[in-house]
Every structure is written in structure tokens, then in C-alpha cells.
Amino acid sequence: KILKNAKVLVVSEGTLEEIPLDKNKYDVKVLEYALPIEEDIIKYRTKEKEDFIVFFARLVETKGVTELPLIMKYITSQVKDTKLYIIGTFYNKQYENYIKNLIKKLNLENNIKFLGFLKDEDKYKIVSKARLLIYPTHDDLYSYVILESIAVGTPVVSYSLPGPYSVYKGLPAVRFVNEFDIKGMADEALRILKMKDEDYFNLVYNEKVDKFIEKRRGWDKVAEEIY
């Protein structure tokens with residue numbers, strides 16, 4: 001009853017697949033400017049990259065934390081000394097122990113480092129210097145994590161959920177693999193890690209990504225569209 005008498009705003013075209021909502025039945029609008037890039041994020045963009053991978057999100061199962069050690073096992077079988085820095089907080093001690101025991105079982109203690117919760121400034125400094133962000137999320141309708149990552153100049157490999165895929169498809173900086181395809185994500189990550197610098201920087205520093213970022217800078221467009 002509420003939906004029939006309201007204008008429904010959704011953050012991505014893929015949201016309509018996830019919920020789903022029939023455009024013919026309800027007054028539904030997909031927002032083009034659902035989430036903004038904060039102006040001060042852009043200043044962290046850099047070409048001074050270091051040889052590590054990063055992940056940041058809530059450290060819960062739905063964000064793909066369970067898959068991180070499994071993905072890293074494939075990656076380190078090809079590039080032994082690859083490091084993964086995990087930024088975020090566990091909300092369940094039992095789950096934290098499970099993940100850390102899995103890392104130990106896979107002999108990845110030297111490859112995976114937990115940085116805990118970081119303030120935005122510290123987080124962006126690390127993410128901007130990472131060679132790559134891996135993001136095996138199972139729960140996203142838009143993904144601010146992907147948006148922040150490309151805003152600071154770091155390419156992303158993620159699962160192709162309907163929401164994020166509908167927002168970021170076609171951007172060279174974001175690569176998608178099928179959900180739960182752990183080896184596929186590792187293979188895609190390795191391709192990016194092994195790229196020559198010229199090819200690598202062309203992923204993020206190109207006209208398509210520049211236009212995408214520029215259209216989403218600041219809250220004004222978000223407010224105007226919703227208004």
C-alpha cells in the first residue's frame with residue numbers, strides 16, 4: 001500500500017532485479033546520482049603505487065571476507081610475496097577467530113595483515129597506494145567501496161552483483177567476475193598485478209573514468225535529483 005502511493009527512488013538499475021520492483025506497477029525512478037564522491041577524496045589520487053592489494057568494508061560474511069584467504073591462496077601461488085591489507089572491524093569474535101584460523105591453516109599469516117578501523121584520511125592514503133582492491137561482496141546495491149576506490153585511483157575486481165554491475169559496467173577500472181568464482185577473481189587480480197605500468201595506469205586514468213568521477217563529485221547533484 002505504501003509503495004503504491006509513493007515515489008520510489010532506487011540507487012541503481014540492478015536494485016530492480018534484487019528487490020524486484022515492477023516499473024509498470026509502481027512510480028519508480030533509478031537515481032543517476034545516488035551517492036557522491038566527497039570532494040576531499042580526489043586529492044588522494046596518486047601514481048605512486050606499492051605492491052599490495054587492499055580490502056575495506058565491514059568484516060562480515062556478506063562482504064566476502066570468508067573468500068579473501070581463498071583468493072589470496074591462488075594469488076600467492078603465482079606471486080608468492082603478495083600482501084593483502086584488510087581495513088575494517090569484525091563484529092563477531094567467533095567469525096574473527098574462524099577467519100584468522102583459516103588464514104593460519106592456509107599458511108598466509110605473512111601475506112594478510114589486518115589494519116583494523118582507520119579514519120578516512122589514513123584509509124584513503126593506503127587505498128590510493130594499493131595496486132588493486134579485491135571486493136568479493138555478496139551484498140551491495142551500488143557499492144560505495146568501489147566508488148571510493150576508483151576515486152583515489154585504484155582499480156577494483158568485484159563480483160558481478162546486479163547493483164554494482166549496473167553502475168560500473170564498462171569502466172576499465174572495474175573488473176567483474178561471477179559471484180563465488182574465487183579462482184576467477186584471483187586470475188583477474190593477477191592480470192592487473194602483472195600489467196606494465198602504462199597499461200595499468202590506463203585502467204584508472206582515462207576519459208571514461210574521469211567523466212564518471214566528475215559527474216559524481218559533491219552532494220549537490222544528489223540533492224538536486226532527489227528534490
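Asp140 counts as buried in this predicted model, with a relative accessibility of 12%. The residue is found in the loop between E6 and H5, and its side chain has two polar partners to look at. One polar contact, at 2.7 Å, joins the side chain of Asp140 to the side chain of Tyr135. Another, at 2.9 Å, joins it to the side chain of Thr137. With neighbours within four places in sequence left aside, Asp140 is in contact with Glu18, Lys63, Tyr135, Leu161, Gly163 and Pro164. Asp140 is classed as buried because its 12% falls under the 20% cut-off for relative accessible area.

Ser143 is also found in the loop between E6 and H5. At 2% relative accessibility, Ser143 counts as buried. A polar atom of the Ser143 side chain lies 3.1 Å from the backbone nitrogen of Ile146. When residues up to four places away in sequence are not counted, Ser143 touches Tyr135, Pro164 and Tyr168. Tyr135 thus appears on two lists, being in contact with Asp140 and touched by Ser143.

The backbone of Ser143 deserves a second look as well. Its phi is positive, at about 85°, although Ser143 is not a glycine. Most residues other than glycine have a negative phi. Phe180 offers another case, with a positive phi near 75° in a residue other than glycine. Phe180 has its place in the loop between E8 and H7. The surroundings of these two residues contrast: Ser143 is buried, whereas Phe180 is exposed, with a relative accessible area of 56%.

Pro164 brings the loop residues together with a helix. Its place is in helix H6, which covers residues 162–168, and Pro164 is buried, with a relative accessible area of 1%. Beyond residues up to four places away in sequence, Pro164 touches Asp140, Leu141, Tyr142, Ser143, Ile146, Lys169 and Phe176. Asp140 and Ser143, described above, are both among these contacts. Asn107 lies elsewhere: 57 residues separate it from Pro164 along the chain, and their C-alpha atoms are separated by 32 Å.

Attention now turns to helix H7, residues 182–193. The helix has twelve residues and reaches 16 Å from its first C-alpha to its last, close to the 16 Å expected at 1.5 Å a residue. H7 is mostly covered, with nine of its twelve residues buried. These buried residues are Ile182, Gly184, Met185, Ala186, Glu188, Ala189, Leu190, Ile192 and Leu193. In an α-helix, residues three or four places apart point the same way, because there are 3.6 residues a turn. Both strands and helices take part in covering the buried residues of H7. The strands include E3 (52–56), E6 (132–135), E7 (156–159) and E8 (174–177). Helix H2 (67–78) and helix H8 (197–204) are also included.

The largest pocket holds about 350 Å³ of space. Of the 18 residues that line it, Phe56, Ala57, Arg58, Lys123 and Val145 are the closest to its centre. Helix H4 (120–129) and helix H5 (144–151) each supply at least two residues of the lining. H5 provides the largest share, three residues. By class, the lining of this pocket has nine nonpolar, six charged and three polar residues.

Lys4 gives a view of another part of the chain, in the segment before strand E1 (7–10). At 60% relative accessibility, Lys4 counts as exposed. Lys4 touches Lys25 and Tyr26, residues up to four places away in sequence not being counted. Gln78 is 74 residues from Lys4 in sequence, and the two are 54 Å apart in space, C-alpha to C-alpha. The exposed Lys4 stands in contrast to Pro164, which is buried.

Methods. Residues are numbered from 1 along each chain as its sequence is written. This is a predicted model: local features need pLDDT of at least 70, side-chain atom pairs count only at pLDDT 80 or more; totals for chains, interfaces and linings use all residues. Side-chain values use heavy atoms; hydrogens and water are left out. On a 1 Å grid over the protein atoms alone, a cavity is a set of points where a 1.4 Å probe fits but cannot get out, and a pocket is an open set with protein on both sides within 12 Å along at least five of seven lines; lining residues have an atom within 4 Å of a point. Grid points are joined across faces, edges and corners, and a volume is the space filled by probe spheres set on the points. Helices (H or I, at least four residues) and strands (E, at least two) are DSSP runs, numbered from the N terminus. Ala, Val, Leu, Ile, Met, Phe, Trp, Tyr, Cys and Pro count as nonpolar, Asp, Glu, Lys and Arg as charged, and the others, Gly among them, as polar. The expected span of a helix is 1.5 Å times one less than its number of residues. Buried means under 20% relative accessible area, exposed over 50%, partly exposed in between (1.4 Å probe, protein chains only). Contact means heavy atoms within 4.5 Å. A polar contact is a pair of N or O atoms within 3.5 Å; within protein, one must be able to donate a hydrogen and the other to accept it, and residues adjacent in sequence count only if both atoms are side-chain atoms.
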